[in-house]
Amino acid sequence: MSETELIRLKPRRIRLVCWSAAIALVVVFGLVATSLSGPTGDGYGSFQRGDQIAMIGLGIFGALGLLLFTRPQVEADARGVRVRNVISSYELPWEVVRSVRFDRSAPWASLELHDDDLLPMIALQAADKELAVEGVRALRRLHQAHQARLAERASGR
């Protein structure tokens with residue numbers, strides 16, 4: 001493992017699902033918007049151009065909300081790991097990481113920290129099967145290489 005190796009991991013299946021659902025949502029809201037015309041029923045109201053634009057806007061906002069789930073990513077190198085989840089982001093040196101975990105029943109991998117916290121890595125999802133397993137193995141190799149460097153420094157003193 002080289003000092004400059006960079007591992008970049010992103011989920012695949014959720015990205016495909018989210019992009020498909022976002023496109024479908026915009027299309028459905030667009031179709032609903034085109035059907036909004038004329039009176040609203042027995043009352044005095046009627047649908048206007050603004051109502052149609054609002055429906056399209058709602059579809060776009062919903063699609064953008066869905067696309068937030070395509071944001072997760074994990075980047076790691078010899079210095080540390082950077083985890084970007086749906087809303088939050090973390091940058092951790094390897095010194096604070098105790099282990100890289102991917103429990104059998106877990107939906108995604110996580111980092112176990114020395115302060116007993118568990119940091120989820122949503123980019124490594126069980127739904128991606130072998131891709132996620134290879135990603136966890138690569139992160140474990142980087143972590144073990146860092147542990148070996150620390151042991152060498154400690155024994156060299």
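This tour proceeds from one selection to the next through the structure and describes what is found at each stop. The model is a predicted one.

**The start of helix α1**

Please begin by selecting Arg 13, a residue of helix α1, which covers residues 13-35. With a relative accessible area of 45%, Arg 13 is partly exposed. Beyond its neighbours within four places in sequence, Arg 13 is in contact with Ala 127, Asp 128 and Lys 129. Ser 88 may be added to the selection: the C-alpha atoms of Arg 13 and Ser 88 are separated by 21 Å, and the two residues stand 75 places apart along the chain.

**The two annotated segments**

Next, select residues 16-33 and 53-70, which the unreviewed UniProt entry annotates as "transmembrane region". Residues 16-33 are 100% helix and 0% strand, with 26 Å between the end C-alpha atoms. Over residues 53-70 the chain is 83% helix and 0% strand, and here the end C-alpha atoms are 26 Å apart.

**Gly 59 and the nonpolar patch**

Within helix α2, select Gly 59. Is Gly 59 buried or exposed? Its relative accessibility is 0%, so Gly 59 counts as buried. Not counting residues up to four places away in sequence, Gly 59 touches Leu 25, Val 26 and Phe 29. The C-alpha atoms of Gly 59 and Gly 30 are 7.3 Å apart, although 29 residues separate the pair in sequence.

Now display Val 26, Ile 56, Ile 60, Phe 61 and Leu 64, which make a nonpolar surface patch of about 460 Å². Helix α2 (residues 49-67) supplies the largest share of the patch, four residues. One of the patch residues, Ile 56, has its place in helix α2 and is partly exposed, with a relative accessible area of 37%.

**The annotated domain**

Residues 71-141 form the next selection. The unreviewed UniProt entry gives this range the annotation "domain: Low molecular weight protein antigen 6 PH". Here the chain is 17% helix and 46% strand, and the C-alpha atoms at the two ends lie 25 Å apart.

Gln 73, in strand β4, is a suitable residue to centre on. Its relative accessible area is 10%, so Gln 73 is buried. Apart from neighbours within four places in sequence, its contacts are Arg 8, Leu 9, Lys 10, Arg 82, Val 83, Arg 84 and Ala 123.

**Salt bridges**

The structure holds 10 salt bridges. Side chains of opposite charge can pair when their charged atoms come close. Select Arg 8, Glu 75, Asp 77, Arg 79 and Arg 82 together to see a network of salt bridges. Within it, Glu 75 pairs with Arg 82, the closest N and O atoms being 3.7 Å apart. Glu 75 counts as buried because its relative accessibility is 18%, and the cut-off for buried is under 20%.

Move on to Arg 101, which is partly exposed at a relative accessible area of 25%. Which residue forms a salt bridge with Arg 101 at 2.7 Å between the closest N and O atoms? That residue is Asp 103, which counts as partly exposed at 37% relative accessibility. The side chain of Arg 101 also meets that of Glu 112 in a salt bridge, at 3.8 Å from N to O. This second pair links distant parts of the chain, since Arg 101 belongs to strand β7 and Glu 112 to strand β8, 11 residues apart. Glu 112 is buried, with a relative accessible area of 17%.

**Two loop residues**

Select Asp 116 in the loop between β8 and β9. Asp 116 has a positive phi of about 70° although it is not a glycine, and it counts as exposed at 57% relative accessibility. Then turn to Lys 129, in the loop between β9 and α3. Lys 129, likewise not a glycine, has a positive phi of about 45° and is exposed, with a relative accessible area of 56%.

**Helix α3**

The tour ends at helix α3, residues 130-156. From first C-alpha to last, its 27 residues reach 39 Å, close to the 39 Å expected at 1.5 Å a residue. Colour its buried residues: Ala 132, Gly 135, Val 136, Ala 138, Leu 139, Leu 142, His 143 and His 146. An α-helix has 3.6 residues a turn, so residues three or four places apart point the same way. The cover over the buried residues of α3 includes β1 (7-9), β4 (73-76), β7 (97-101), β8 (108-113) and β9 (118-125).

Terms used
Residues are numbered from 1 along each chain as its sequence is written. This is a predicted model: local features need pLDDT of at least 70, side-chain atom pairs count only at pLDDT 80 or more; totals for chains, interfaces and linings use all residues. Side-chain values use heavy atoms; hydrogens and water are left out. The expected span of a helix is 1.5 Å times one less than its number of residues. Buried means under 20% relative accessible area, exposed over 50%, partly exposed in between (1.4 Å probe, protein chains only). Contact means heavy atoms within 4.5 Å. Patches are made of residues with over 30% relative accessible area and no salt bridge: like charges are joined within 9 Å, nonpolar side chains (Val, Leu, Ile, Met, Phe, Trp, Tyr) within 5 Å. Accessible areas come from the Shrake-Rupley method with a 1.4 Å probe; for residues, only the protein chains shown count as cover. A salt bridge is a side-chain nitrogen of Lys or Arg within 4 Å of a carboxyl oxygen of Asp or Glu. UniProt positions are given in the numbering used here, feature names are shortened, and annotations may be inferred rather than shown by experiment.
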